[in-house]
Amino acid sequence: MSSALEKIKKFLKLEIERGFDNRAVVGGLDKIIPAWEQEANREGLPAWVIQQICDRLAQYPSLSVELREQIVQEIFEIIERHGNSPATDSFVPPEPEKTDYPPAAIVRTTSFNNQSKPSTREENKKPSGLDASLKVLPGIGPKNAQNLEKLGLHKLEDLLYFFPRRYDDFSKMKPINQLRFGEELSVAGTVQKSQLREIKGNRTLFEAVISDGTGSLRVSWFNQPWLEKNIRPGVQVVLSGKVDMYLGRLCMNNPEWELLDQEHLHTNRIVPVYSLTAGVSQKVLRRIMYQTVNFWAGRVADFLPEEIRTAGNLLPLSQALRQIHFPDNDANLREARQRLAFDEIFLIQLGVLRQKQNWQNRTAKVFNVSDEWLNAQINRLPYPLTNAQIRAIHEIRSDLTSGRPMNRLLQGDVGSGKTVVAALAIAMVTNSGMQAALMAPTSILAEQHYRSFQKLFVRSQADDSAPFDAGEVRLLVGDTPEKEKQEIRQALAAGEIKLLIGTHALIEDPIEFKHLQLAVIDEQHRFGVAQRSALRSKGDNPHLLVMTATPIPRSLALTIYGDLDLSVMDEMPAGRQPIETHIFTPLERERAYSFIRSQIRQGYQAFIIYPLVDQEQSETEDTLAAVQQQQRLQNEVFPDLKIGLLHGRMRPEEKEQVMRQFRDKEYHILVSTSVIEVGVDIPNATVMLIEGANRFGLAQLHQFRGRVGRGNAKSYCILIPDDEDAAENERLSAMVETNDGFVLAERDLQQRGPGEFLGTRQAGFADLKIANLTDVHTIEKARNLAQQLFEKDPQLSDPRYQPLLDKLNDFWGEGRGDIS
């Protein structure tokens with residue numbers, strides 16, 4: 001046996017005799033790593049032996065006595081495996097069996113002298129100890145566990161993926177005589193003197209003077225009297241914090257501190273800062289994280305195939321997990337972020353590719369229409385179509401002739417003419433005698449679609465070339481009379497109704513179509529996966545067209561919507577006037593009211609939006625709420641006008657009633673919360689006044705603005721922030737600069753992240769732990785590698801890909817949506 005291995009065995013046996021006190025070597029076992037690693041390399045020991053032994057020696061000092069016993073056993077197993085392995089450098093045996101015990105859990109089930117060996121675990125299987133409750137950790141009882149659960153931490157694996165929200169870089173160490181005011185750094189020195197005294201208000205002040213030979217620094221801590229026992233004269237400490245000044249002399253107030261001879265978690269390094277909750281301090285959580293990461297990161301199997309890691313130039317997972325929590329330097333932190341962000345994007349890409357393939361493997365009925373028929377339908381419309389509309393129609397026509405189910409997202413800005421495109425798609429299907437369904441999120445939106453179809457696509461004496469006879473288009477909503485519902489159900493089952501427009505009533509059990517071949521879903525983010533699936537199940541692999549008025553940035557189109565074919569409506573119909581947008585300060589509110597009154601005198605109507613329903617929701621008195629403000633406006637500002645109120649706490653039928661009354665001009669002004677964001681056409685409304693505008697994202701503000709300007713009259717949007725300072729808000733300035741929803745969507749994604757974008761599917765990705773959905777470089781790299789792997793093995797059936805397949809199924813099983 002090599003002398004390097006004999007030396008290790010000698011140290012380990014001495015550790016056993018000493019009861020695993022980490023004193024077999026002066027300074028601790030980890031101190032022998034540099035010299036031992038050089039000797040082992042000189043002797044030609046295999047790289048896997050050296051790496052696995054060094055990894056365990058590095059962890060040894062931070063572990064409990066019980067887990068040190070386990071580490072020693074593992075190193076003896078590695079040495080034994082080396083003795084039994086073939087004499088070839090290419091042989092890399094699996095890691096020795098890792099127990100399921102979490103850090104510092106009491107390990108008494110296997111004593112060191114017990115010669116029975118655990119069976120070799122499947123190489124890539126997740127250690128089941130990661131599923132253990134946090135209560136196995138020392139110092140975490142039921143109450144602390146309950147506090148940690150508020151942070152989403154339930155088991156040990158959650159800790160590994162609970163990434164810091166930011167970092168304090170205290171890795172720069174300076175002598176005291178070189179400190180400068182305002183710097184954030186670390187200093188080390190000896191405590192010269194210390195004093196605890198009481199100050200006003202029953203508070204305490206602990207002060208110490210630290211010296212490092214080049215100078216002295218006064219340090220103070222408020223309300224931490226226990227420091228008197230730890231920071232005593234003669235003790236050496238490391239301090240990290242911001243250099244302040246008091247009476248012309250440099251000082252530090254409330255710095256982080258640690259003893260000089262201990263493992264530095266809080267000072268003298270890049271220090272992780274985690275999100276906290278009541279009952280959990282930063283120091284305690286950081287210590288828990290260090291113990292867990294140090295023990296478990298190296299035991300987590302890497303699910304990414306080696307070929308992907310190499311092609312992507314990515315760190316191993318264990319190294320990335322260590323460096324994301326306790327980075328050695330900025331470069332390592334960047335590489336760890338890149339690896340973990342890549343993982344999330346890569347899993348999204350594989351998932352959407354799999355969804356797209358599943359959809360495309362199905363067959364669907366082919367619908368051919370002649371150029372003459374299509375041109376005749378377009379030419380009979382009362383207005384010319386935009387180039388974007390014509391392009392979308394041809395894309396849909398191509399889908400309907402492909403023999404595969406259409407799975408298309410029609411995205412376009414408010415007022416870009418999506419409904420006409422959907423109507424022509426419906427006509428292409430019903431022209432062959434089949435049926436279509438159009439589902440909207442509210443009755444009033446469904447009624448709006450129904451009226452549009454009646455006006456443009458149902459035959460009349462004035463127009464007998466329209467695609468539908470009277471009676472072939474019907475409306476079904478919650479308050480449709482039961483007798484009429486029954487009549488609709490019978491006619492639908494008999495195939496007499498060609499298009500059924502409605503709300504979720506369309507997917508209820510009694511509804512049966514004879515030949516449903518196209519499902520159109522408007523404002524698709526209002527519907528869950530189950531509702532979309534229920535509508536699709538009413539037919540046999542029907543074509544699917546979903547519409548949204550929220551423009552989707554390119555990076556999201558490459559990821560979350562990667563399984564969909566996109567039709568982009570990036571052009572507004574001719575004659576549509578841009579909405580004039582202005583920012584008013586709160587002091588100019590009366591001026592806004594005067595403008596609203598002048599518009600109402602001309603016969604128009606106005607919206608006023610508030611961020612809250614009720615003042616009770618407000619954390620400050622400055623935030624305005626709809627309920628109280630509607631009363632104030634009605635009684636004090638516009639006593640001669642009728643003002644309606646709409647908010648999310650109202651029952652659906654109440655909201656519908658208010659919207660109808662506003663549409664029918666029974667109200668001059670509608671006061672509302674954000675529930676108005678997506679809604680009906682009110683062509684007569686010309687003013688949108690948004691209070692607390694700085695509290696909304698760009699996507700929301702743009703949707704609000706889209707509620708006006710639906711008629712021929714010039715329309716206006718007025719933004720009033722909470723205070724004068726907020727008037728300089730970047731988002732508000734962007735609203736003034738452009739009416740282009742795609743430009744605003746890109747800016748909103750950069751400023752606020754993906755949380756503003758489409759519902760069910762989006763909800764699963766808004767909480768991605770580290771990936772940035774604006775990072776197009778990482779997205780394209782992950783997309784390319786995912787496509788290469790998918791083309792080679794779409795089912796991931798190669799045994800090498802089993803860990804990746806397991807991870808993929810786990811990732812997509814966490815509530816992430818499916819548009820189809």
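Trainee: On the two faces of strand E10, are the residues buried or exposed?

Mentor: Buried means under 20% relative accessible area, exposed over 50%, and partly exposed in between, with a 1.4 Å probe and protein chains only. Both faces of E10 are covered. Gln 435, Ala 437 and Met 439 are buried on one side, and Ala 436 and Leu 438 are buried on the other. E10 spans residues 435–439, and five of its five residues are buried. Strands (E, at least two residues) and helices (H or I, at least four) are DSSP runs, numbered from the N terminus. This is a predicted model, in which local features need pLDDT of at least 70 and side-chain atom pairs count only at pLDDT 80 or more, while totals for chains, interfaces and linings use all residues. Residues are numbered from 1 along each chain as its sequence is written, and side-chain values use heavy atoms, with hydrogens and water left out.

Trainee: Which strands are joined to E10 by bridges?

Mentor: Two strands pair if DSSP finds at least two bridges between them. E10 runs parallel to strand E13 (residues 516–521), with five bridges joining them. E10 also runs parallel to strand E12 (residues 499–502), here through four bridges. Ala 437 has a bridge partner in each: Ala 519 in E13 and Leu 500 in E12.

Trainee: In what sense do E3 and E4 pair?

Mentor: Strand E3 (residues 203–211) and strand E4 (residues 216–222) are antiparallel, with seven bridges between them. Val 209 stands opposite Arg 218 of E4. The hairpin of E3 and E4 has four residues between the strands, and Gly 213 in this hairpin takes a positive phi near 95°. E4 is also joined by three bridges to strand E6 (residues 249–253), this time in parallel. There, Val 219 has Met 252 of E6 as its bridge partner.

Trainee: How many residues line the second largest pocket?

Mentor: Rolling a probe the size of a water molecule over the atoms shows where empty space is left. On a 1 Å grid over the protein atoms alone, a pocket is an open set of points where a 1.4 Å probe fits, with protein on both sides within 12 Å along at least five of seven lines; lining residues have an atom within 4 Å of a point. Here 49 residues form the lining, and Tyr 383, Gly 415, Arg 576, Asp 681 and Arg 710 lie nearest the centre of the pocket.

Trainee: Which helix supplies the largest share of that lining?

Mentor: Helix H15 does, with eight residues. H15 (443–456) and helix H14 (418–430) each supply at least two residues of the lining.
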